[in-house]
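Visitor: I have just opened this structure and would like to learn how to read it. Could you walk me through it?

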Amino acid sequence: MVIGVDRTSRLVRQLTDMTNTESGEIATAQQNVNLGKILGQMADDIGQHYSDTAAIEVDPQLAGICLSVDPSLFTLAARNLLENAALHSGTDGVVRCLVRTETDSIAVVIDDSGPGIPEEELPKVRDRFYRGRNKTAMGSGLGLAIADLAMKRLGGEVYLENRREGGLRAELRLADKVRTDCSENSAARQRREHPVGSISS
Ligand SMILES: Nc1ncnc2c1ncn2[C@@H]1O[C@H](COP(=O)(O)OP(=O)(O)OP(=O)(O)O)[C@@H](O)[C@H]1O
Ligand SMILES: [Mg+2]
């Protein structure tokens, strides 16, 4: 059951997000994004909007990781994947967000406890308006198309696979070079906000 949005307003939002992402209406502007903070906010927001979703757990490790990315595009991608995970896992399910790093890449991993996506549907689920066998009452089939496009604009990709233990794994993959040091960021921000000498001058 949906608390704050009905199907039509969701469709309008998805269409607007799709068009804006595609047309470049969202100008890319890099900012330092703390993964723990942004995913925690999304998890709270999703919990407030829907009454029949799984709890979303954000691994505390993510609070120590910052990326230099366009926040609007990253939010569009992560939000659509998180919504899918939470809606498909149901109230008794659980969604886990964690990070996986490799030498040249970093991935935000979203594991859910839903039914997964039938293997034969995996090549098609990113197509616009495609809705699979496990569709929810609310959807319009645009979420994965938006996430895919937003990640491509960030120079990354969306990766999807069914987990051996059940449920879907969705990854937001980016090149490792977008990773920034959170402590350096806050130090730099402090220097900008309180430059040396600003108190006495
Ligand atoms: N986490 C998931 N678990 C199971 N099936 C999924 C999951 N994510 C996506 N799917 C399947 O992929 C299809 C396409 O997903 P997509 O997010 O693009 O559209 P939607 O959720 O149906 O609608 P929208 O996101 O536009 O509201 C869904 O209809 C569903 O069948
Ligand atoms: Mg969706």
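Guide: Gladly! Let us begin with a term: a residue counts as buried if 20 or more other C-beta atoms lie within 10 Å of its own, and as exposed if 12 or fewer do. Keep in mind that this is a predicted model. By that count, buried residues make up 31% of the 201 residues in the protein.

Visitor: Which residues are buried in helix H1?

Guide: They are Gln-14, Asp-17 and Thr-21. These three lie on the same side of H1, because they cover an arc of only 65° around the axis. On the other side of H1 you will find exposed residues: Thr-8, Ser-9, Val-12, Thr-16, Thr-19 and Ser-23.

Visitor: What do the buried residues of H1 pack against?

Guide: Their neighbours are two helices, H3 (71-89) and H4 (143-153).

Visitor: And how far does H1 reach from its first C-alpha to its last?

Guide: H1 covers residues 7-23, 17 residues in total, and spans 24 Å, close to the 24 Å expected at 1.5 Å a residue. Right after H1 comes Gly-24, with a positive phi near 80°.

Visitor: Let me step back to the whole chain. How many helices and strands are there?

Guide: There are 5 helices and 8 strands. Following the sequence, you meet them in the pattern α-β-α-β-β-α-β-β-α-β-β-β-α. To see how the chain comes together, look at contacts between residues at least 6 apart in sequence: 71% of them join residues at least 24 apart.

Visitor: How do I read a sheet? What is the order of the strands in the open one?

Guide: List the strands from one edge across to the other. Here the open sheet of 5 strands reads E2-E4-E5-E7-E6, and its pairing is mixed. Strands E2 (55-58) and E6 (157-162) are at the edges with a single partner strand each, so one side of each has no neighbour in the sheet. From one strand to the next, the twist averages 20°.

Visitor: How many bridges join E6 to E7?

Guide: The number is 6, and E6 and E7 (residues 168-175) run antiparallel. For a pair to look at, find Val-158, which stands opposite Leu-172 in E7.

Visitor: Which helices lie across these strands?

Guide: Helix H2 (residues 35-49) lies across E2, E4 (94-102) and E5 (105-111), and runs at about 170° to E2. Helix H3 lies across E2, E4, E5, E6 and E7, running at about 170° to E7. You met H3 earlier, as one of the helices that the buried residues of H1 pack against.

Notes: Residues are numbered from 1 along each chain as its sequence is written. Chains are lettered from A and ligands numbered from 1 in the order in which they are written. This is a predicted model: local features need pLDDT of at least 70, side-chain atom pairs count only at pLDDT 80 or more; totals for chains, interfaces and linings use all residues. Helices (H or I, at least four residues) and strands (E, at least two) are DSSP runs, numbered from the N terminus. The expected span of a helix is 1.5 Å times one less than its number of residues. The arc is that of the directions from the helix axis to the C-beta atoms. Two residues are in contact if their C-beta atoms, placed from the backbone, lie within 7 Å. Two strands pair if DSSP finds at least two bridges between them. Axes are lines fitted to C-alpha atoms, for helices over the stretch in contact, and angles run from 0 to 180 degrees between N-to-C directions.
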